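Biologist: Got the model open? I'd like to go through a few spots with you.

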Amino acid sequence: IGPSHGRMCLDAPKAVKELPDCLTWQQISAACKEGRQLMVISNEVYDVAAWVQKHPGGKVLLTYVGEDATDSVRAFHRDEQQMAKYLSPLRVATLAKQVPGAPLHEVVASRDAALEKDFRNLRTKLQEAGLFKANPWFYMAMLAHVIVLELAGWAVLKYFGSAWLPYCLALALLVVAQAQAGWLQHDLGHLSVFKSRELNLFCHRFVIIHLKAASSAWWNYRHYLHHAKPNIAEADPDINMPYVFMLGEKMAEHWAKKQKLGTAGGPMPYNKQHIYWWALGPPLLLPVYFHYENLRYVIGNAVFGGSGMWKDSYNTSKYMAKGRIFFWEEVVWMASFFVRWHYMYGPLLGGVGGWVVFYMTVRTVESHWFVWVTQMSHLSMSIGKYADVPCHDWASLQVNATCNVEGGVFNDWFTGHLNYQIEHHLFPTMPRHNYSTVAPLVKDLFARHGREKDYISKTLLSAFGDVVSSLERYGQAWQHAYHEVG
């Protein structure tokens with residue numbers, strides 16, 4: 001496929017043609033259109049068709065087939081030496097140098113070359129400065145305060161009973177514990193806590209499944225696709241919800257035209273989505289939609305060998321091997337959460353019904369916290385198709401879809417440092433406690449290239465307000481296209 005399409009090639013070609021030792025971008029694009037799964041990393045060309053079924057991250061790497069994946073590959077992998085070892089047998093050619101005076105291929109033309117070069121230099125300097133190394137005491141404190149908060153919630157019910165006042169206090173403590181566990185699992189899922197990938201993923205399972213009852217594989221599938229090409233319709237599952245919300249002005253117009261032609265559904269009055277958002281967005285995402293997705297994903301893959309979910313990147317031979325044991329392990333981990341809650345809270349709340357109501361109430365309140373924090377940095381930014389994004393280099397792609405919220409002790413804690421969303425998207429494996437140090441350097445990077453307006457930082461409340469105003473703007477774009485345009 002050509003780079004502007006941004007879709008995934010899922011099947012290896014049936015017949016593999018010999019390739020020359022040196023390939024131009026034109027030749028790479030032509031080979032991809034014929035079914036090859038080629039990508040460029042540090043000016044070397046790799047065919048990942050044979051690797052995708054074994055790749056620990058699943059099929060997310062196919063998001064960059066036909067493109068320069070240098071910065072995306074570096075962003076997602078901590079150990080570059082280990083990465084080079086796995087890449088070596090996949091190398092098929094070297095990227096040909098650009099001929100002076102020749103027209104630029106779209107892959108090259110769609111990148112801010114000067115910014116890209118400086119960004120790579122900045123990343124190297126940050127690595128040399130040790131800013132990709134985690135402070136173990138920080139993460140021990142994060143885990144400890146999650147556990148202390150949960151035990152405090154249990155103790156309130158244990159020693160003060162379940163009258164409305166201790167019930168509400170325990171509820172508040174559990175909501176904070178669950179929200180903060182959510183930020184901690186995010187760090188582990190991004191491999192930013194330990195040097196060992198295996199240790200990160202084991203601890204990720206412990207926090208996200210045992211402490212939060214969500215699937216690690218499901219989170220990785222959704223979140224890595226989101227990071228690969230944020231706010232891109234062809235790649236990011238977080239923005240594909242047209243049957244409830246219409247996101248992005250161009251996407252809203254496109255969907256409205258399809259509805260008028262009868263080729264798309266959607267029963268919602270999207271011009272009112274900024275109003276029904278209050279009922280269908282924050283209150284329902286975690287207690288309803290995420291429960292449904294988690295169960296569908298884990299049970300579907302474990303029992304049926306597939307979830308049927310959009311761009312499921314984990315239905316590969318690596319994860320389906322040995323009777324799909326990987327997903328059955330997730331089922332067991334998830335069961336451990338509910339067994340724990342049953343024995344901790346059941347005796348204090350009158351049995352199964354009592355603790356289930358308590359659990360769902362915690363999830364509903366937590367959902368408001370989660371939704372506002374996760375949407376404040378993305379929903380008001382550019383949303384659309386890959387071809388509509390002016391620059392496809394890593395730094396431009398990430399800053400185009402993200403904005404920051406001002407730092408500070410409360411904001412950093414409340415958002416799990418996701419208020420530094422630009423830095424997080426540029427360097428997803430960087431420990432979050434280093435974002436405040438890196439932020440001025442990133443801001444200066446864009447300023448030096450005349451793009452200081454791309455680096456957006458807001459107050460917490462204005463970022464929340466922009467979520468609602470953006471929904472209204474997208475709804476108006478849909479209404480105009482659906483009702484007024486012939």
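Biologist: Which helices and strands each supply at least two residues of the lining of the second largest pocket?
Modeller: This is a predicted model, to start with. One strand is on the list, S2 (38-41). The helices are H2 (70-76), H3 (80-87), H8 (197-210), H9 (216-228) and H13 (317-345).

Biologist: Where does the largest share of that lining come from?
Modeller: From H13, with 8 residues.

Biologist: How much space lies in that second largest pocket?
Modeller: About 1200 Å³. The lining has 44 residues. Those closest to the centre of the pocket are His55, Pro56, Gly57, His77 and Arg197.

Biologist: And how do the lining residues divide into nonpolar, polar and charged?
Modeller: There are 25 nonpolar, 9 polar and 10 charged residues in the lining of the second largest pocket.

Biologist: Back to S2. Which residues are on each side of S2, and are they buried or exposed?
Modeller: Leu38 and Val40 are on one side, Met39 and Ile41 on the other. All of these are buried, so both faces of S2 are covered. In a regular strand, side chains alternate between the two faces of the sheet.

Biologist: What does S2 pair with?
Modeller: Strand S3, residues 44-47. The two run antiparallel and are joined by 4 bridges. Val40 has Val45 of S3 as its bridge partner, and Met39 stands opposite Tyr46.

Biologist: How many residues lie between S2 and S3 in the hairpin?
Modeller: 2 residues. Ser42 sits in that turn, and its phi is positive, about 50 degrees.

Biologist: In what order do the strands of the open sheet come?
Modeller: The order is S1-S4-S3-S2, 4 strands with mixed pairing.

Biologist: Why is one side of S1 and of S2 left without a neighbour in the sheet?
Modeller: Because S1 (22-23) and S2 stand at the edges, and each has a single partner strand.

Biologist: New topic, Lys59. Where is it found?
Modeller: Lys59 is in the loop between S3 and H2.

Biologist: Why does Lys59 count as buried?
Modeller: Because its relative accessibility is 9%, and buried means under 20%.

Biologist: What does the Lys59 side chain make a polar contact with?
Modeller: The side chain of Asn315, at 3.2 Å.

Biologist: How about Ala109? Where does that one lie?
Modeller: In helix H4, residues 106-109. Ala109 is partly exposed, because its relative accessible area is 49% and exposed means over 50%.

Biologist: How far apart are Ala109 and Met381?
Modeller: In sequence, 272 residues. In space, 23 Å from C-alpha to C-alpha.

Biologist: Now H15. How many of its residues are buried?
Modeller: 7 of the 8 residues in H15 (394-401) are buried. They are Trp394, Ala395, Ser396, Leu397, Gln398, Val399 and Ala401.

Biologist: What do those buried residues pack against?
Modeller: Several helices: H2, H5 (113-128), H9, H17 (421-426) and H18 (435-448). H2 and H9 also contribute to the lining of the second largest pocket.

Biologist: Last one. How many cavities of 30 Å³ or more are there?
Modeller: The count comes to 1. About 40 Å³ of space lies in the largest cavity.

Biologist: Which residues line the largest cavity?
Modeller: His186, Asp187, His190, Ser192, Gly416, Leu418, His424, Pro428, Met430, Arg432 and Tyr435. By class, that lining has 4 nonpolar, 5 polar and 2 charged residues.

Key:
Residues numbered from 1 in each chain as written. Predicted model: local features only at pLDDT ≥ 70, side-chain atom pairs only at ≥ 80, totals over all residues. Heavy atoms only, no water. 1 Å grid on protein atoms, 1.4 Å probe; cavity = no way out; pocket = protein on both sides within 12 Å on 5 of 7 lines; lining within 4 Å. Points joined across faces, edges and corners; volume = space filled by probe spheres on them. Nonpolar A, V, L, I, M, F, W, Y, C, P; charged D, E, K, R; others polar. Buried < 20%, exposed > 50% of the residue type's maximum accessible area, 1.4 Å probe, protein only. Pairing = 2+ DSSP bridges. Polar contact = N/O pair within 3.5 Å; in protein donor to acceptor, adjacent residues only side chain to side chain. Contact = heavy atoms within 4.5 Å.
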